[in-house]
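Trainee: I have a new model open and I'm not sure how to read it. Could you walk me through some features, one at a time?

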Amino acid sequence: MTNVFLQLLINGIIAGAIYALVASGFSLIYSTNKFVHFAHGGVIALSAYFLFWLFSKLGLNFYLSAPLTILFSSLLGYTLNKIFYRPLRAKKSSSSVLLVVSIALLILLESLVLLFFGADVKIINFIKNNQGVEFFGAIITPSQIAIILVSVILFFALFVFMKKSKIGKAMRAVADNRDVAEIVGISSEKIYSWSFIIGSAIAGCAAILISLEQNITPTMGTNLMIKGFTGAIIGSITNVPGAILGSFLLGIVENFGIWFMPSGYKDAIAFILLFIFLLFRPQGILGIKNNQK
Amino acid sequence: MIDAYFIHLLILIGIYLILAMSLQLSLGYSGLLNLGHIAFFGIGAYVSAILSLSGVPFLISILVAGIISGFFGWLLSLPTSRLKGDYLALTTLGFSFVVYAIFLNWVEITKGPFGLPGIPRPNIFGIDFSSNTFFLILVVIFVLISYFFIHRICNSQFGKALEATRDDELAAKSLGKHTLKLKSISLVVSAFFAGIAGCLFASYITFIDPSSFTFINLIPILLIVIIGGLASLRGTILATIIIVLLPEPLRFIGLPSSILGPIRQIVFALMLILIMYFKPRGFFGKVDLE
């Protein structure tokens with residue numbers, strides 16, 4: 001019994017770490033840009049396939065492929081913002097218009113993946129996962145250890161960056177009040193670009209870590225986005241630490257749900273949790289109540 | 001041969017038209033950024049397929065399909081009626097993921113990924129609608145009924161109150177309109193007609209599986225409503241014809257279906273981006289997407 005409990009807890013933490021990787025980049029972009037960049041999931045999917053192409057197709061060294069993937073994802077995020085979102089912002093389009101465009105971009109990225117790589121699942125076999133490590137009776141694989149370690153380091157680095165660096169502070173200023181930030185000389189367009197670069201770099205890290213553990217599929221982006229968004233809402237969408245906390249909570253609740261329900265209903269559990277939060281605490285665990293939403 | 005193909009396209013246009021008009025009611029007239037609409041279509045398709053396969057007459061199963069879809073619309077409106085914009089969009093989208101998960105996993109009822117084959121074509125009062133020509137007549141009848149009702153609803157006092165709620169909820173409230181209830185009813189009616197379209201789809205194709213009711217299938221419907229213009233039924237009709245016919249020439253180039261599918265999606269996605277940039281109100285739209 002305790003073994004099962006521990007195993008579910010570990011599985012939950014690992015799922016939570018993956019969701020948190022998605023949610024942190026997404027909520028970083030949301031906090032400054034104030035619209036749902038749904039194509040964030042597409043950035044993750046395309047980056048995972050980019051890694052697959054470098055590592056499995058071209059046979060490049062993994063430790064060279066990984067930084068290149070992160071570079072690719074941040075460039076992709078930056079370009080999406082420059083080509084698609086920026087002209088719309090200049091036309092004062094509403095956040096719903098930007099949301100619809102971001103959905104179209106997600107479909108575009110997913111379709112490009114389908115066109116170039118086909119619909120079959122791909123595997124990046126970098127860490128051999130056939131031998132798990134026993135941990136107080138629960139099994140944990142090497143790639144899962146890597147996910148937890150790297151994501152914790154990444155979240156810590158992100159936290160320090162947001163608190164201490166000049167760009168991080170400017171991001172928080174724009175997130176808090178764009179007009180006031182502009183008055184003190186922060187260019188909001190520049191900060192939007194930075195959010196996309198950093199948020200998408202995190203998406204690249206997410207893509208790498210996810211592809212160590214799971215198969216990659218063209219539609220993985222949509223699924224990850226739904227979970228990342230749910231985690232972000234539970235924690236607080238405008239607050240990156242909140243989004244990370246909410247994602248871990250989501251991962252753990254989902255995995256304990258398997259105790260009561262078949263594993264196919266994981267998505268349903270996530271959604272019920274989302275509903276509960278929307279009804280009773282729409283601003284999330286760490287959020288500050290405001291009347292806009 | 002050409003006639004058969006033409007009839008097939010007309011039937012598709014009819015089914016898509018009912019679905020798009022029903023989305024128009026929630027998205028266009030009520031301003032609810034509802035991205036879960038494909039779930040109601042799926043619920044209608046599954047409910048009617050299961051009923052038809054166990055011998056329930058067509059008219060009863062289409063009605064039950066609509067009512068059950070409407071019921072789920074009401075359920076969805078409970079937690080979402082206070083939400084707006086982004087939150088509403090992603091919550092309704094999440095809803096469609098759950099419905100999809102249920103189609104896929106409730107194997108005893110839905111047969112999961114294998115789908116439900118052999119759904120009978122309708123037979124109403126002894127008239128057999130199994131040929132495509134007769135089926136087209138049936139679809140046209142349902143299109144007319146749906147258009148009549150949705151048109152009436154949109155132009156009634158209720159419709160005006162909905163539009164007022166969309167444009168300024170606070171003002172509508174201050175005039176004594178029960179806005180939460182209005183939005184909830186609009187979602188129920190919208191879901192009802194999506195269920196009707198789902199039933200027609202299931203009995204036309206005679207086979208359904210969960211893959212017809214995923215997020216990606218929502219894109220053409222969303223595109224129709226946006227290109228036609230929010231709160232314009234005329235625009236929706238025109239856009240439905242365009243969007244259903246547009247990818248058809250691709251079929252004749254002779255591309256393999258593994259390439260055809262993604263290209264179709266890319267075309268739709270690019271159209272959605274371009275229309276948002278150049279003509280966000282669509283052809284006949286009266287309001288902006290807020």
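Mentor: Sure, we'll take the chain contact, a helix pair, some backbone angles and the database records in turn. This is a predicted model, so local features need pLDDT of at least 70 and side-chain atom pairs count only at pLDDT 80 or more, while totals for chains, interfaces and linings use all residues. Residues are numbered from 1 along each chain as its sequence is written, and chains are lettered from A and ligands numbered from 1 in the order in which they are written.

Trainee: How many residues of chain B are in contact with chain A?

Mentor: Two residues are in contact if their C-beta atoms, placed from the backbone, lie within 7 Å. Here, 37 residues of chain B are in contact with 36 residues of chain A.

Trainee: Which helix of chain B gives the most to that side?

Mentor: Helices are DSSP runs (H or I, at least four residues) and strands are too (E, at least two), numbered from the N terminus. Helix 4 (85–105), helix 10 (218–228) and helix 13 (257–278) of chain B each supply at least two residues of the side touching chain A. Helix 4 of chain B gives the most, with 15 residues.

Trainee: And what kinds of residue are on that side of chain B?

Mentor: The side of chain B that touches chain A has 27 nonpolar, six polar and four charged residues. Nonpolar means Ala, Val, Leu, Ile, Met, Phe, Trp, Tyr, Cys and Pro; charged means Asp, Glu, Lys and Arg; the others, Gly among them, count as polar.

Trainee: How do I describe two helices that pack together?

Mentor: Two packed helices are described by the angle between their axes and the distance between the axes. Axes are lines fitted to C-alpha atoms, for helices over the stretch in contact, and angles run from 0 to 180 degrees between N-to-C directions. Try helix 10 and helix 11 (residues 233–245) of chain B: their axes come within 8 Å and cross at roughly 130 degrees.

Trainee: What do we call that arrangement of helix 10 and helix 11 of chain B?

Mentor: They are therefore oblique to each other. Under 35 degrees counts as roughly parallel, over 145 as roughly antiparallel, 65 to 115 as roughly perpendicular, and the rest as oblique. Among the residues making the contact are Leu223(B) of helix 10 and Ala239(B) of helix 11. That contact has eight nonpolar, four polar and no charged residues.

Trainee: What about phi angles?

Mentor: Most residues other than glycine have a negative phi, and most peptide bonds are trans. Lys34(A) has a positive phi, near 60 degrees, and is found in the loop between helix 1 (2–33) and helix 2 (40–57) of chain A. Thr206(B) has a positive phi of about 65 degrees, in the loop between helix 9 (179–205) and helix 10 of chain B.

Trainee: Are Lys34(A) and Ala157(A) buried or exposed?

Mentor: A residue is buried if 20 or more other C-beta atoms lie within 10 Å of its own, exposed if 12 or fewer, and partly exposed in between, with C-beta atoms placed from the backbone. Lys34(A) has 16 such neighbours, so it counts as partly exposed. Ala157(A), in helix 5 (residues 142–164) of chain A, has 11 and counts as exposed.

Trainee: What does UniProt add for chain B?

Mentor: Its unreviewed entry lists "transmembrane region" for several stretches of chain B, including residues 129–150 and 258–278. UniProt positions are given in the numbering used here, feature names are shortened, and annotations may be inferred rather than shown by experiment. In the model, residues 129–150 of chain B are 86% helix, with end C-alpha atoms 25 Å apart. Residues 258–278 of chain B are 100% helix, with end C-alpha atoms 31 Å apart.
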